[in-house]
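Here is a friendly tour of a protein model for someone new to reading structures. Keep the picture open beside you and look up each part as it comes.

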Amino acid sequence: MEVVGKSKAHVVLESCLLDSTDYFSDHHRILKCNPYCKNIDYHADLGIFQWTFEVEDPRKNPIVAIFFVRQDVEHLPPGSDFLTKCATQDPKKSDKKEDNGGKLIRWISAETVPDIRVESENTFIGAADAEICLVHLPENKTSVHFETNITLDFKLSFPLNLMPEMVLKFMSETIMSQIMQQATESMLCKVQADICCSDADIAAKGELR
């Protein structure tokens with residue numbers, strides 16, 4: 001059964017666009033702020049990162065999720081559709097906000113992955129995709145729009161396989177999105193502390209598929 005979790009987050013950081021982009025481009029630095037991330041490896045031969053996450057199921061059994069992603073970073077020129085979309089969502093408006101453009105960091109599920117052996121039935125290899133849009137704000141601040149999708153394919157065992165799949169899928173995706181929401185909010189709070197930001201608004205919202 002394929003389960004999809006989604007989350008959206010927005011935060012304004014007291015850090016310039018260049019420094020903020022450097023921070024969010026550093027996998028080890030940003031993901032260490034995620035409470036569920038246990039390990040990060042880089043496969044130089046494939047140019048991809050391997051994330052290992054661990055959560056507990058309702059019975060307190062560990063569930064391990066492994067993701068392989070590659071990272072792309074691109075400049076968003078003033079007036080680009082993506083930049084305009086993000087800029088219009090910012091609570092602080094400025095006519096000159098887009099003068100220096102913005103940055104878009106994409107984490108994309110890797111098509112070619114290393115051959116690893118999964119020995120535990122509670123370990124799953126999933127797909128993770130994220131878009132991090134960074135918009136320049138006045139006073140050397142940066143608006144960060146963070147959107148993540150995670151997909152896991154679970155094998156249903158007794159007695160779960162006796163439940164209607166659509167009901168179980170809805171329940172699973174709701175729980176998964178809630179976990180992602182909590183993790184995102186915690187991560188952004190740690191990012192703020194790490195780069196010495198003052199209190200800023202954090203809005204994290206988990207969404208159903």
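The report below covers confidence, a pair of strands, salt bridges and a surface patch.

## How sure is the model?

This is a predicted model, so it helps to begin with the predictor's own confidence, called pLDDT. The mean pLDDT of the protein is 80, and 80% of its residues reach 70 or more. Confidence is highest in strand 5, at a mean of 94, and lowest in strand 8 (residues 202-207), at 48.

Two stretches call for careful reading. Over residues 93-98, pLDDT stays under 50, and the model has 14 contacts there beyond four places in sequence. Residues 197-209 also have pLDDT under 50 throughout, with 43 contacts beyond four places in sequence.

## A pair of strands

Now find strand 2 (residues 37-43), where Ile40 sits. Which strand does strand 2 join, and how do the two run? Its partner is strand 3 (residues 48-56); six bridges join them, and they run antiparallel. One bridge partnership to look for is that of Cys37 with Phe53 in strand 3. The hairpin these strands form has four residues between them, and Gly47 takes a positive phi near 70°.

Let us stay with Ile40 for a moment. Is Ile40 buried or exposed? Its relative accessibility is 11%, so Ile40 counts as buried, the cut-off for that label being under 20%. Leaving aside neighbours within four places in sequence, Ile40 is in contact with His27, His28, Leu31, Phe49, Gln50 and Trp51. Thr52 is 12 residues away from Ile40 along the chain, yet the C-alpha atoms of these two residues are separated by 6.4 Å.

## Salt bridges

How many salt bridges does the model count? The total is four. One of them brings together the side chains of Arg70 and Asp72, with 2.7 Å from N to O. Both ends are partly exposed: Arg70 has a relative accessible area of 35%, and Asp72 has a relative accessibility of 33%.

Another salt bridge links the side chains of Glu131 and Arg106, at 3.4 Å from N to O. Glu131 belongs to strand 6 (residues 123-137) and Arg106 to strand 5 (residues 102-109), so this pair ties together parts that are 25 residues apart in sequence. Glu131 is partly exposed at 28% relative accessibility, and Arg106 is partly exposed too, at 24%.

The side chains of Lys141 and Glu139 also meet in a salt bridge, with an N to O distance of 3.9 Å. Here the two ends carry opposite labels: Lys141 is buried, with a relative accessible area of 15%, while Glu139 is exposed at 70%. Shared partners matter as well, since Glu74, Arg106 and Glu131 are joined into one network by salt bridges.

## A nonpolar patch on the surface

Last, turn to the surface. Which residues make the nonpolar patch there? Val167, Phe170 and Met171 do, and their patch covers about 280 Å². Met171 is part of helix 4 (residues 165-194). With a relative accessibility of 39%, Met171 counts as partly exposed. A residue needs over 30% relative accessible area to be included in a patch, so Met171 passes that cut-off at 39%.

Technical notes: Residues numbered from 1 in each chain as written. Heavy atoms only, no water. Buried < 20%, exposed > 50% of the residue type's maximum accessible area, 1.4 Å probe, protein only. Patch = residues over 30% accessible without salt bridge, like charges linked within 9 Å, V, L, I, M, F, W, Y side chains within 5 Å. Areas by Shrake-Rupley, 256 points an atom, 1.4 Å probe, with all protein chains shown as cover. Contact = heavy atoms within 4.5 Å. Pairing = 2+ DSSP bridges. pLDDT = per-residue confidence, 0-100.
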